[in-house]
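This report covers salt bridges, one helix pair and a surface patch. The coordinates come from a predicted model.

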Amino acid sequence: MEWIRRGVLALGATAFALVALEGLLRAFVVPAPDSAGRLFGTRLPPVRLIPPERPRPPKREAPPGRIRFDDLNGLVRDDPVLGYAPREHAISTNGWWQSNNLGARARRDTAATVAEGTTRVLVFGDSFAAGSRVPQESAWPAVLESASRGLEVVSLGVDGYGLAQSLLRYRALRDAVAHDVVVLTMSPRADLPRDVNTLRALVGWRSYRVMPRFVLDGGLRLVPSPYDSPAAIHADNRDGVSPTLRGHLLRYDRFYVPWMYEPSPGLADRSVLAKLVLARWHTLVMDRRHQATLAPGSEAVAVSAAIVAAMRAEVEARGARFLLVLLPSDLELGRLRRRPSRRRHWQAIVHAVARDGVPYVDLAEALLAAPAEQIDRGFDGTHHGARANQLIATGVGRALAVTPPGA
């Protein structure tokens, strides 16, 4: 019976150690209004997913020449279909970003008709489509337009958009603005997760709008937001995740992990140690889910491919030309450069998305072949810089049979 005695002693010692550790951890918990507390910088569950709605603080005057958030990201308004859209006729603090009558990144308005002898190109996509983080004239759509007097490039890329929002924005404009070419850019590492995500707060953004997304349900079906305004979201979730939001996220958002945002029964609700384990586990789960969206056979790739096919069909039905541009982010580019396996994976994604004869140009090889000094970064280091934007304009221009100056 000696082994039983030793086992009991071992269990007792383990229990004592866990109790001691629990007491020690509790001493380091910092109270926080958005969670059960913070421990060593980690938010403990349950985390408040939708914070209380607060009035926006008055805009503080920035020192002259200091680059502000709106210079880098643009200015947006709420939109019942898109979630949010660029504000029309707006300009950022230092003029790095300016919009026209369409909300396009432009210094002048876009007419409903195309001037005689002009080819109009509409560019849709995310922040990489917009040339975010560089002054307006250094963004690749503006550089591309400077290639020819007969080329008009309308920059309609928006920070944080996935392919779903790009398609919806095209649908909102296609009958109001004549066009000859539509360019849809895709940066897989940024865009694929967004096409299976509806609440950007789940992936680290301070954005609490529930975005629309498409699902494959006997075809491409739009799932709109269950809320008609941000105020409705805050009101419905002031006491925690509401049944409406919870049901929507469980069905349509692949980054919603219930036990991170909802009270857990039993020990997980009372133990700081258990909460810390759940928080760290959540980090691993999120990383795995993000990586899963990048698999060529994933739901994200399938949905994105269907969106590309739908947009192509709608563009060509109006007699215009469609071009998909595969544009690696600066982060993707570094990984492609370091590991050949990443290049094979990139090619697999390209072939999965640009299928059934979709016209496309893959800019990865051109950017990888460029001298290192030409691959610079924008103001905050998260996006391509002015020289890289020139290379992107060159690649897109060649695909459109237009060569930007200096190429």
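Is D175 buried or exposed? With a relative accessible area of 65%, D175 is exposed. Its salt-bridge partner is R318, at 3.4 Å from N to O. R318 is partly exposed, its relative accessible area being 36%. The two residues are 143 apart in sequence: R318 sits in the loop between α12 and β10, and D175 in the loop between α5 and β7.

The model has 23 salt bridges. Three of them are listed here.

| Pair | N to O distance | Relative accessible areas |
|---|---|---|
| D78 and R209 | 2.7 Å | D78 41%, R209 16% |
| R318 and D175 | 3.4 Å | R318 36%, D175 65% |
| D330 and R377 | 3.5 Å | D330 12%, R377 51% |

D78 and R209 form a salt bridge. D78 belongs to strand β3 and R209 to the loop between α6 and β8, so this pair ties together parts 131 residues apart in sequence. D78 is partly exposed, whereas R209 is buried.

In the pair D330 and R377, D330 is in helix α13 and R377 is in the loop between α15 and α16, 47 residues apart. D330 is buried, while R377 counts as exposed. Elsewhere, D34, R38 and R43 are joined into one network by salt bridges that share partners.

Helix α13 also meets helix α14: their axes come within 5 Å and cross at roughly 120°. This angle makes α13 oblique to α14. The contacts involve E332, R335, L336, R337 and R338 in α13, and P340, R342, R343 and W346 in α14.

On the surface, L21, L24, F28 and F40 form a nonpolar patch with about 400 Å² of accessible area together. L24, in helix α1, is partly exposed at 49% relative accessible area.

Key: Residues are numbered from 1 along each chain as its sequence is written. This is a predicted model: local features need pLDDT of at least 70, side-chain atom pairs count only at pLDDT 80 or more; totals for chains, interfaces and linings use all residues. Side-chain values use heavy atoms; hydrogens and water are left out. Patches are made of residues with over 30% relative accessible area and no salt bridge: like charges are joined within 9 Å, nonpolar side chains (Val, Leu, Ile, Met, Phe, Trp, Tyr) within 5 Å. Accessible areas come from the Shrake-Rupley method with a 1.4 Å probe; for residues, only the protein chains shown count as cover. A salt bridge is a side-chain nitrogen of Lys or Arg within 4 Å of a carboxyl oxygen of Asp or Glu. Helices (H or I, at least four residues) and strands (E, at least two) are DSSP runs, numbered from the N terminus. Buried means under 20% relative accessible area, exposed over 50%, partly exposed in between (1.4 Å probe, protein chains only). Axes are lines fitted to C-alpha atoms, for helices over the stretch in contact, and angles run from 0 to 180 degrees between N-to-C directions. Angles under 35 degrees count as roughly parallel, over 145 as roughly antiparallel, 65 to 115 as roughly perpendicular and the rest as oblique. Contact means heavy atoms within 4.5 Å.
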